[in-house]
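Subject: The structure you asked about

Hi there,

Here is the structure I promised to pass on. Have a look at it first, and then read on for what turned up when I went through it.

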Amino acid sequence: MRRADPPDVPGGAGRGWGLVVYNGTGLCVRGDAGIDHKRPGALSGNLAYSHTYALTQGCGTGLSRPDGWAATRATVYRWNGSAWTVCRTSDWKYGATGQMGGEFPGPWGPELVFDWGGWQSCGQGYYGTLAAAYVWDGSAWRGGDVWSGYEYASATSFHGAQ
């Protein structure tokens, strides 16, 4: 019998892929978060994902910002039965942002793929990624956190993403 599922979001972060974490005068910041772990017989890895994008006001097209003006970080959390606790955290990754054209247009910015070590790092249980997505606007860092949702990781089981 499986324990009750944990609450979905640590710290009140928004959940989703392409979530807007800041929308102000002249700047919109969007972030992505993801979690994966190795599963027998499946193409998978012990990876956490975080991405940051700077967009024009109103969250339209990609906004060009110089190298170092955007940042992302992935923090992997584990549910301990009563609270989400930090398992592993990546370093910050800084970069530029902009808009791609051509066949696959869209915004781009710093992205991070972090090997968090899988269930062996902090024990079997529920895991999720809290991705930080921030852009410097010339006077302050603007942005916030995005939650990946969670999945159950152990040596033999996979209960699916929530």
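Let me start with the overall make-up. The chain's secondary structure consists of one helix and eleven strands. Please keep in mind that this is a predicted model. Reading from the N terminus, the order of the elements is β-β-β-β-β-β-β-β-β-α-β-β, so you can follow the helix and strands along the chain as DSSP numbers them.

A few totals for the chain come next. Of its 162 residues, 43% are buried. The exposed surface of the chain is about 7900 Å², and 50% of that comes from carbon and sulfur atoms. If you take the contacts between residues at least 6 apart in sequence, 63% of them join residues at least 24 apart.

**The four-stranded sheet**

Four strands form an open sheet with antiparallel pairing, in the order S2-S3-S4-S9. Which strands stand at its edges? They are S2 (19-24) and S9 (111-115); each has a single partner strand, so one side of each is left without a neighbour in the sheet. From one strand to the next, the twist averages 15 degrees.

As a reminder, the strands of a sheet pair through backbone hydrogen bonds, and the pairing can be parallel or antiparallel.

Strand S4 is a good place to look in detail. This strand covers residues 47-55 and pairs with S9 in the antiparallel sense over five bridges. One residue to find there is His51, whose bridge partner in S9 is Glu111. S4 also pairs with strand S3 (residues 27-35), again in the antiparallel sense, and here there are eight bridges. Within that pairing, Cys28 has Leu55 of S4 as its bridge partner. Is S4 mostly covered or mostly open? Mostly covered: seven of its nine residues are buried.

**Aromatic rings**

How many aromatic pairs does a search of the whole structure find? The answer is ten. One of them joins Tyr77 and Trp147: the ring centres are 6.5 Å apart and the planes are at 75 degrees, so this pair is edge-to-face. Tyr77 belongs to strand S5 (residues 65-79) and Trp147 to strand S11 (residues 141-153), so the pair ties together parts that are 70 residues apart in sequence. Both partners are covered: Tyr77 is buried with a relative accessible area of 15%, and Trp147 is buried at 0%.

Another edge-to-face pair is made by Tyr126 and Tyr152, with 5.1 Å from centre to centre and 75 degrees between the planes. Here Tyr126 sits in strand S10 (residues 125-136) and Tyr152 in strand S11, so the pair ties together parts that are 26 residues apart in sequence. Tyr126 and Tyr152 are both buried.

These residues also belong to a wider group. One aromatic cluster is formed by Tyr77, Trp79, Trp84, Tyr126, Trp147, Tyr150 and Tyr152.

**The salt bridge**

How many salt bridges does a search of the whole structure find? There is one. The side chains of Arg142 and Asp137 meet in it, at 2.8 Å from N to O. Are these two residues buried or exposed? Neither: Arg142 is partly exposed because its relative accessibility of 28% falls between the 20% limit for buried and the 50% limit for exposed. Asp137 is also partly exposed, at 28% relative accessibility.

**A loop residue to look at**

Finally, please find Asp91 in the loop between strand S6 (84-89) and strand S7 (93-100). At 67% relative accessibility, Asp91 counts as exposed. Which residues does Asp91 touch, leaving aside those up to four places away in sequence? They are Thr72, Arg73 and Leu112. Thr75 is another residue to check from here: Asp91 and Thr75 are 16 residues apart along the chain, and their C-alpha atoms are separated by 9.2 Å.

Happy to go through any of this with you at the screen.

Best wishes

Note on methods: Residues numbered from 1 in each chain as written. Predicted model: local features only at pLDDT ≥ 70, side-chain atom pairs only at ≥ 80, totals over all residues. Heavy atoms only, no water. Salt bridge = Lys/Arg side-chain N within 4 Å of Asp/Glu carboxyl O. Buried < 20%, exposed > 50% of the residue type's maximum accessible area, 1.4 Å probe, protein only. Pairing = 2+ DSSP bridges. Helix = DSSP H or I, 4+ residues; strand = E, 2+ residues; numbered from the N terminus. Axes fitted to C-alpha atoms, helices over the stretch in contact; angles between N-to-C directions. Contact = heavy atoms within 4.5 Å. Areas by Shrake-Rupley, 256 points an atom, 1.4 Å probe, with all protein chains shown as cover. Phe/Tyr/Trp six-rings, centres within 6.5 Å; stacked < 30°, edge-to-face > 60°.
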